[in-house]
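Here is a walk through one model, strand by strand and helix by helix. Keep the viewer open and follow along.

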Amino acid sequence: MELEGEVELEESLGELRQSFRSGRTRSASWRKAQLEAILKLITDNEDKIFKALQQDLGKHPVEAYCDEIGVVVKSANYSLSSVEKWMAPKKGHIPLLFFPAKGEVLPEPLGLVLIFSCWNFPISLALDPLIGAISAGNTAVLKPSELAPACSSFLADTIPLYLDNKAIKVIEGGTDVAEKLLQQKWDKIFFTGSPRVGQIVMSAAAKHLTPVTLELGGKCPLILDSLTNLSDLKVAAKRIAWGKWGPSGGQACVAIDYVLVEHRFASLLIESLKGAIKKFYGDDPTNLKYLSRIVNKHHFDRLCNLLEDPNVEASIVHGGSLDKNNLIIEPTVLLDPPLDAEIMTEEIFGPLLPIITVNNIQESIEFINSKPKPLTIYGFTKNEALKKQILTETSSGSVVFNDALVHFLCDDLPFGGVGQSGFGRYHGKYSFDTFSHEKAVLQRSFFPDLEILYPPLNDSKLQFIRLAYKFDYVGILLHFLGLKKTFT
Ligand code: NAD
């Protein structure tokens, strides 16, 4: 729906809050029915989704299925089969001092949540968090990105036809609408986008003490070890090329931003990358068939500006053609552009790949550590010591060895950033947790009523408490043996 005015917004949110208060969205049956409805929405409308993604980003159907439709189908099916298990309370150990007692962690929905999605994966980045919100029993408002208008109106038109529209609403619009939504009080805001807008979201949320999940971006580096085996290098080059120019043509938060490699290995890497690019996209550098286009003129101009610096332009070793009319930028490789140029200080978010040479691979760790914490660090290596060093000496939302981007498709791995690349995580059970509050529940019995904590206090009570805390592991043992339950 389009937002007409404040009153209409208040009414819509009032209806959503009322639905939550009614308790309807808490039942497993409601959650499962909505997840099934998402699956039906997706399968009934596959062609419309292909068309919308083609219109917004020029996405090929294979890519559209892999990164958008398939992601949603997989995620909805996984949640559908797991949601009852996730909803079940989990036992918690209670200290011996309070024995007999029963402790539980009970997940409860947060209430009414707001989801802002991004334009680069306009279907999956909207529906995947929504699956989490629904699985956890919340009501939700989804604001799709205005920069992918065909997908935004597809979601706005279709969601009300399939989902419970007294509990889930789509509100379309740009910055003005986003600002109005941010003035409202939510029980959670889940935002996917830039660190700049992430700051705006967080300060708006602070006014109401609303918890936020910020799925942001940044520069994802790749460390390429000097692979001595040529067939390994060939595989690495294909995966790097796919990780850069594949999904959304480099307009992905987890796209490889730049590659770090030892000097002596750079020319071999460049030749291998050229081979992979030719294999993927053929001789026509701006062949639209398999390469997503840049989302709009603003982002196209932004990327062109990155290349305008004469020192950056001089570092191009492959590509560089620009098709202004169709908003296509040829897969472009640069060797050692100046480190203080914008291409190396800002997230690229497009099909330009700088290769930065280092004297030795250790230097690449120092290089990464001198920058904000990335969303993902990629490492292509067979060297276990280097893998360990990347894992223990750097910090990032995730680390992937010997491939790129595929971790985004794994529901059992948490997806999210750290530091400037965001905080909070989602996918699979992590989405459920993100949209739930884990309520601690403690139940004691009336008998026996140990006087130990009550005044008057004395030395023997102190000794008893000291021993009870010291030997608390007996209680943990009882907990694991399931014996404590017998006494409560
Ligand atoms: P953006 O941050 O400009 O916009 C995202 C959303 O914020 C849009 O829906 C927009 O309407 C809203 N918005 C824009 N300006 C606003 C304002 N002043 N007040 C309130 N809301 C406002 O997104 P972008 O820069 O176009 O997207 C690219 C960024 O998103 C990159 O940094 C990328 O890495 C990141 N991203 C992250 C993920 C992830 O999962 N971590 C996924 C995709 C994109």
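## β15 and its neighbours

β8 and β15 run parallel and are paired over 3 bridges. If you want a landmark in that pairing, take I223, whose bridge partner in β15 is G379. Bear in mind throughout that this is a predicted model.

Over to β16: β15 is joined to this strand by 4 bridges, again in the parallel sense. Here T376 sits opposite S398 of β16. To get from β15 to β16 the chain passes through α15, and this β-α-β crossover is right-handed.

How many residues of β15 are buried? The count is 5 of 5, so the strand is largely enclosed by the rest of the structure. Look at the two faces in turn: T376, Y378 and F380 lie on one side, I377 and G379 on the other, and every one of them is buried.

## The seven-stranded sheet

Now zoom out to the sheet these strands belong to. It is an open sheet of 7 strands, ordered β10-β13-β14-β9-β8-β15-β16, with mixed pairing. Which strands stand at the edges? They are β10 (316-318) and β16 (398-401); each has a single partner strand, so one side of each is left without a neighbour in the sheet. From one strand to the next, the twist averages 25 degrees.

Another parallel pair in this sheet is β9 (residues 258-262) with β14 (residues 352-358), linked over 4 bridges. V261 is the residue to click on there, as it stands opposite T357 in β14. Helix α10 (residues 263-281) packs on the sheet and touches β8 (221-224), β9, β10, β13 (332-335) and β14. The direction of α10 makes about 135 degrees with that of β9. Helix α15 (residues 384-393) packs on the sheet too, touching β8, β15 (376-380) and β16. Its direction is at about 170 degrees to that of β16.

## Around β6

Next, have a look at β6, residues 188-192. This strand is mostly covered, with 5 of its 5 residues buried. K188, F190 and T192 point one way, while I189 and F191 point the other way, and all are buried. So yes, that list of buried residues includes a lysine, K188.

β6 has parallel partners to check. Strand β3 (residues 112-116) is joined to β6 by 4 bridges, and the two run parallel. Within that pairing, V113 has K188 as its bridge partner. Strand β7 (residues 212-215) also pairs with β6 in the parallel sense, over 4 bridges, and F191 stands opposite L214 of β7.

Between β6 and β7 comes helix α8 (residues 195-207), and together the three make a right-handed β-α-β unit. One residue of α8 is V197. Is V197 buried or partly exposed? With a relative accessible area of 24%, V197 is partly exposed, because buried would call for under 20%. For a sense of scale, V197 and K382 are 185 residues apart in sequence and 39 Å apart in space, C-alpha to C-alpha.

## A helix pair: α3 and α6

Two packed helices are described by the angle between their axes and the distance between the axes. For α3 (residues 46-57) and α6 (residues 149-162), the axes come within 7 Å and cross at roughly 150 degrees. Angles over 145 degrees count as roughly antiparallel, and α3 and α6 are therefore roughly antiparallel to each other.

Who touches whom? On the α3 side the residues are K48, I49, A52, L53, Q55 and D56, and they meet P149, A150, C151 and F154 of α6. By class, that contact has 7 nonpolar, 1 polar and 2 charged residues.

## The chain as a whole

Finally, step right back. The protein chain holds 19 helices and 18 strands, and its C-alpha trace spans about 85 × 55 × 35 Å along the principal axes. Of the 488 residues in the chain, 53% are buried. Take the contacts between residues at least 6 apart in sequence: 72% of those join residues at least 24 apart.

Definitions and conventions. Residues numbered from 1 in each chain as written. Predicted model: local features only at pLDDT ≥ 70, side-chain atom pairs only at ≥ 80, totals over all residues. Heavy atoms only, no water. Buried < 20%, exposed > 50% of the residue type's maximum accessible area, 1.4 Å probe, protein only. Pairing = 2+ DSSP bridges. Right-handed = clockwise from strand over helix to strand, strands pointing away. Axes fitted to C-alpha atoms, helices over the stretch in contact; angles between N-to-C directions. Parallel < 35°, antiparallel > 145°, perpendicular 65-115°, else oblique. Contact = heavy atoms within 4.5 Å. Nonpolar A, V, L, I, M, F, W, Y, C, P; charged D, E, K, R; others polar.
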